[in-house]
Structures are given as structure tokens and as C-alpha cells.
Amino acid sequence: MTLNISKDTRLCMSLSGRPGNFGTRFQNYLYQELQLDYLYKAFTTTDLPAAIGGIRALGVRGCAVSMPFKEACIRHLDALHESAATLQSVNTIVADDGHLTGYNTDYSAVVHLLAQHGVPPSSHYALRGSGGMAKAVACALRDSGFGDGHIVARNEAAGRALAEQCGVSWCETLDERPADLLVNVTPLGMRGAEAEQLAFDERAVAAAKWVFDVVAVPVETPLIRLARSLGKPVITGGEVIVLQAVEQFALYTGVRPDAELIDRAARFALAE
């Protein structure tokens, strides 16, 4: 892939505790195919205020935000779009002449996928996690009509707060009641130290009707592999990351690629 970089090239970026290559490959692929004068680069930081100050000062057009910065970044922004204000969680920053607005494109992606996969809102769900992405998923479930569920989280304060926000219950460990829909919104299964860990045990997966793992890299997490082996329908993090990235791309550039181009970009980005 060849990009013609000049003084006029607009920079987009990401901030993550564990930078990956998906966003870089996906966004740059689309820039090249659509002949847009943009460049995308992934970063991590140990100084979040300075990093966001750099976005403002250097004219960076947009920034994707991942764990653990989705909530911490809010105090450094100028405004929140309603998608982020409702959740108090940001996964996208858009800069307009130094004015930084936070958005959340994870939420809309999850709402779309639940409907696309035909998961009935009457399903009892168990969602493991209580961070920024967990908020997006839990609120998407709530707003899609899922009112019977519980949040599984070791952090009692965060878990109870999220459960209260969504009108469901909290528990530290999965209870005995089988869940129709299991949702993992933790790093379990992600590359690294937790790569081989299951977010839910085989008993819980066997009893479920649907399994949703938000981990995107790798797409085939241990939980997804187990669910497939048991014949369970799955929603993968790969599906989430593509949909939310398309929304980010449109916010940054004002251009919305067609479905065929999105599919090609996704296959390229996920083939690393």
C-alpha cells in the first residue's frame, strides 16, 4: 500500500492501552481506495491529558479511543455527542478547529448487530464486564428492549452502577440461572496473557442460545471457538469493530463507503 503524504495530509489516530493494527489497516485501505489525503496511525500513552492536548494543538482530525481511556478522556474534551453523553463513554474524538467532541460508535454497532442476528429482546442475558465498552453494550441491550439480565463484574461499584443504569441485577460471578445470551466485554480471550482464557465456562455456553464476544483481535477467541463447536449462533468482535470503524471513518471524512468496499477493507484489516 502506497500513501502520498504531504504537508496537507490530515492525520487520524487511535489511543489504546493495547494498540492493534485493525484501525490502521482498515482506515488507510479506505483512504487509498477513495483517494483521500488522510493518514491513520495507532498510539498508546502514559500521559492521556498530554496526548489529547496534542490532538487539539496539532490539528489531528480524529481519534479512536479504546480501553482504558474511554471514560478518562471525557474531562479533556469540549463537548459530548448524545451517543457518548448518555453512556459517559467515548470511543471517538472528532476535532473541528481545535474543538474536541466525543462520540460513541460502539453503541450503534451493537444495536444493529442484535437486530441483524435476530436475538429476541425477551432473552435473559449475562454480560461480563463493567468498563466503557461494557456500558455501550449494556445500554444497547437496554435500548433494544432487553430488560432481563445481569451484569457479571468483579468490580462491585462499577458493576452495580451499570446494572442500575440498565435496570438489571449485578453479581460477582455467574449465577445458576442459565442465560440465553452470553456477552463478553472483558479482555479475556484477547491476545496476550489472557489469550486462552474463557469468559464463560463450557456449562454456561452449552446452556446458552447465543454467544457474543466483543473481543475483536483475534476474532476467533476461545469463547467463540467453543460456542461454534457446540453449534451456537455467535456475534463476533470482528463484526462490531467493522461497523463502528465505518461510523468513525464517516465522522472523520464525511464520506461513507459502499458495502462492497467496506467488505474488502474489513477482510484486508482482519487478515493480519
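**Exercise 1. Strand pairing and sheet order**

In this predicted model, alanine 64 stands opposite threonine 92 in strand 5. Determine how strands 3 and 5 run relative to each other, and which strands stand at the edges of the sheet.

*Solution.*
Step 1. Strand 3 (residues 62-65) and strand 5 (residues 92-96) are joined by three bridges, and the two run antiparallel.
Step 2. The open sheet contains six strands, ordered 2-1-3-5-6-4, with mixed pairing.
Step 3. At the edges stand strand 2 (38-43) and strand 4 (79-80); each has a single partner strand, so one side of each lacks a neighbour in the sheet.

**Exercise 2. Disulfide assignment**

Establish how many disulfides the model holds, treating cysteine 12 and cysteine 139 in turn.

*Solution.*
Step 1. The criterion is a pair of cysteine sulfur atoms within 2.5 Å.
Step 2. For cysteine 12, the closest cysteine sulfur belongs to cysteine 63 and lies 9.0 Å away, which is too far for a bond.
Step 3. For cysteine 139, the nearest cysteine sulfur is that of cysteine 166, at 4.1 Å, and cysteine 139 is in no disulfide.
Step 4. The count of disulfides is therefore zero under the 2.5 Å criterion.
Step 5. As to environment, cysteine 12 is buried at a relative accessible area of 0%, and cysteine 139 is likewise buried, with a value of 0%.

**Exercise 3. Nonpolar cores**

Identify which residues of the largest nonpolar core touch the most other members, and which element supplies its largest share.

*Solution.*
Step 1. The largest nonpolar core has 32 residues, of which Leu127, Val137 and Leu181 touch the most other members.
Step 2. At least two residues of this core come from each of helix 4 (105-116), strand 7 (125-128), helix 5 (132-143), helix 6 (156-166), strand 10 (181-184) and strand 11 (210-213).
Step 3. Helix 5 provides the largest share, eight residues.
Step 4. With residues up to four places away in sequence not counted, valine 137 touches Val110, Leu127, Val183, Val185 and Val214.
Step 5. Another core, of 23 residues, lies apart from the largest one; among its members are Cys12, Val94, Ile241 and Ala266.

**Exercise 4. Helix 9**

Compare the span of helix 9 with the expected value, and decide whether the helix is largely enclosed.

*Solution.*
Step 1. Helix 9 (residues 237-253) comprises 17 residues and reaches 24 Å from its first C-alpha to its last, close to the 24 Å expected at 1.5 Å a residue.
Step 2. Of the 17 residues, 13 are buried, so helix 9 is largely enclosed by the rest of the structure.
Step 3. Just after helix 9, glycine 254 adopts a positive phi of about 75°.

**Exercise 5. Aromatic pairs**

Classify the ring pair of tyrosine 29 and phenylalanine 268.

*Solution.*
Step 1. The structure holds four aromatic pairs.
Step 2. In the pair of tyrosine 29 and phenylalanine 268, the ring centres are 5.1 Å apart and the planes lie at 35°, so the pair is tilted.
Step 3. This pair links distant parts of the chain, 239 residues apart: tyrosine 29 is in helix 1 (residues 22-33) and phenylalanine 268 in helix 10 (residues 259-270).
Step 4. Tyrosine 29 counts as buried at 13% relative accessibility, whereas phenylalanine 268, at 29%, is partly exposed.
Step 5. Ring pairs also link Tyr31, Tyr38 and Phe249 into a cluster.

Conventions. Residues numbered from 1 in each chain as written. Predicted model: local features only at pLDDT ≥ 70, side-chain atom pairs only at ≥ 80, totals over all residues. Heavy atoms only, no water. Buried < 20%, exposed > 50% of the residue type's maximum accessible area, 1.4 Å probe, protein only. Pairing = 2+ DSSP bridges. Helix = DSSP H or I, 4+ residues; strand = E, 2+ residues; numbered from the N terminus. Core = buried A, V, L, I, M, F, W, Y, C linked by side-chain atoms within 4.5 Å. Contact = heavy atoms within 4.5 Å. Expected span 1.5 Å × (residues − 1). Phe/Tyr/Trp six-rings, centres within 6.5 Å; stacked < 30°, edge-to-face > 60°.
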